[in-house]
Amino acid sequence: MKEIAIQFGQSLDNDEFDVTMKLLSHDCTYVIGEDVLIGPKDICQSYEQNMIEGRKKLDVLEWGKSKIEPINDAEYYVHFTDYLTHKGEKYTHRCKQKLHVNADGFINRIVHI
């Protein structure tokens, strides 16, 4: 199951949203703040839209290499690092997402932390 989490992180590191989509169950939920997205299409569109908007607004937006932290056999934290530059100011943004991988080997829940 850890391999699924690794693939998830790497697919987002590389803007490979078609790969990300294949890792998600048809009823996967993504909890981000007050919002809940359901299904691979809506979830991946959200990731892609954030990337597009970020690259429009910022001078530089680069993804670092994600890191996986196992919680148990079915849950993992994926740590992301983003390198941003805006009007000459550099900033490193870090966040993590908690994944749950179901018995069929698909991610069925993502929580943005």
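**Exercise 1. Strand partners**

Which residue in β7 does L24 stand opposite? Work out how β7 sits between its neighbours.

*Solution.* Keep in mind that you're looking at a predicted model.

Step 1. Start with L24: its opposite number in β7 is I107.

Step 2. Now zoom out to the strands. β1 covers residues 24-32 and β7 covers residues 107-112; the two run parallel and are joined by 4 bridges.

Step 3. Check the other partner. Strand β6, residues 89-101, runs antiparallel to β7, with 5 bridges between them. One pair to click on is Q97 with its bridge partner H112.

Step 4. Look at how β6 gets to β7. The two make a hairpin with 5 residues in between, and G105 in that turn has a positive phi of about 85°.

**Exercise 2. A residue in the hairpin loop**

Find N102 in the loop between β6 and β7, then decide: is N102 buried or exposed?

*Solution.*

Step 1. The relative accessible area of N102 is 16%. The cut-off for buried is under 20%, so N102 counts as buried.

Step 2. See what the side chain is up to. A polar atom of the N102 side chain lies 3.0 Å from the backbone nitrogen of D104.

Step 3. List what N102 touches beyond four places in sequence: M1, S25 and N108.

**Exercise 3. Hunting salt bridges**

How many salt bridges does a search of the whole structure find? Track each one down and say what it links.

*Solution.*

Step 1. The search turns up 3. As a reminder, side chains of opposite charge can pair when their charged atoms come close.

Step 2. Take D15 and R55. Their side chains meet at 2.9 Å, N to O. This pair links distant parts of the chain, 40 residues apart: D15 is in the loop between α1 and α2, while R55 is in helix α3. D15 is partly exposed at 23% relative accessible area, and R55 is partly exposed too, at 36%. While you're at D15, note that this residue follows α1 and has a positive phi, near 55°.

Step 3. Go on to K56 and E53, whose closest N and O atoms are 3.9 Å apart. Why can these two meet within one helix? They're 3 residues apart in α3, so about one helical turn separates them. In general, an α-helix has 3.6 residues a turn, so residues three or four places apart point the same way. K56 is exposed, with a relative accessible area of 63%, whereas E53 is partly exposed at 28%.

Step 4. Finish with K98 and E75, at 3.8 Å between the closest N and O atoms. K98 lies in β6 and E75 in β5, so this bridge ties together parts 23 residues apart in sequence. K98 is partly exposed, at 27%.

**Exercise 4. Into the core**

Which residues have the most contacts inside the largest nonpolar core? Then see which elements feed that core.

*Solution.*

Step 1. The core has 21 residues, and the best-connected are F8, L24, I43, Y47, L99, I107 and I110. You'll recognise L24 and I107 as the facing pair from Exercise 1.

Step 2. Trace the contributors: α1, α2, β1, α3, β5, β6 and β7 each give two or more residues.

Step 3. Pick I110 as an example. Among the residues it touches are F8, L24, I43, Y47 and L99.

**Exercise 5. Where α1 meets β5**

Which residues of α1 are buried? Use F80 and S66 to see what some of them touch.

*Solution.*

Step 1. Size up the helix. α1 has 12 residues and spans 17 Å from first to last C-alpha, close to the 16 Å expected.

Step 2. Its buried residues are I4, A5, F8, G9, S11, L12 and D13.

Step 3. Turn to F80 in strand β5, which is buried at 9% relative accessibility. Its contacts include F8, G9, L12 and D13, along with S66.

Step 4. Follow that last contact. S66 sits in the loop between β3 and β4 and is buried, with 10% relative accessible area. The S66 side chain reaches the backbone oxygen of G9 at 3.4 Å. S66 also touches Q10, D13, V78, H79 and F80.

Conventions:
Residues are numbered from 1 along each chain as its sequence is written. This is a predicted model: local features need pLDDT of at least 70, side-chain atom pairs count only at pLDDT 80 or more; totals for chains, interfaces and linings use all residues. Side-chain values use heavy atoms; hydrogens and water are left out. Two strands pair if DSSP finds at least two bridges between them. A salt bridge is a side-chain nitrogen of Lys or Arg within 4 Å of a carboxyl oxygen of Asp or Glu. Buried means under 20% relative accessible area, exposed over 50%, partly exposed in between (1.4 Å probe, protein chains only). A polar contact is a pair of N or O atoms within 3.5 Å; within protein, one must be able to donate a hydrogen and the other to accept it, and residues adjacent in sequence count only if both atoms are side-chain atoms. Contact means heavy atoms within 4.5 Å. A nonpolar core is a set of buried Ala, Val, Leu, Ile, Met, Phe, Trp, Tyr and Cys residues joined through side-chain atoms within 4.5 Å. The expected span of a helix is 1.5 Å times one less than its number of residues.
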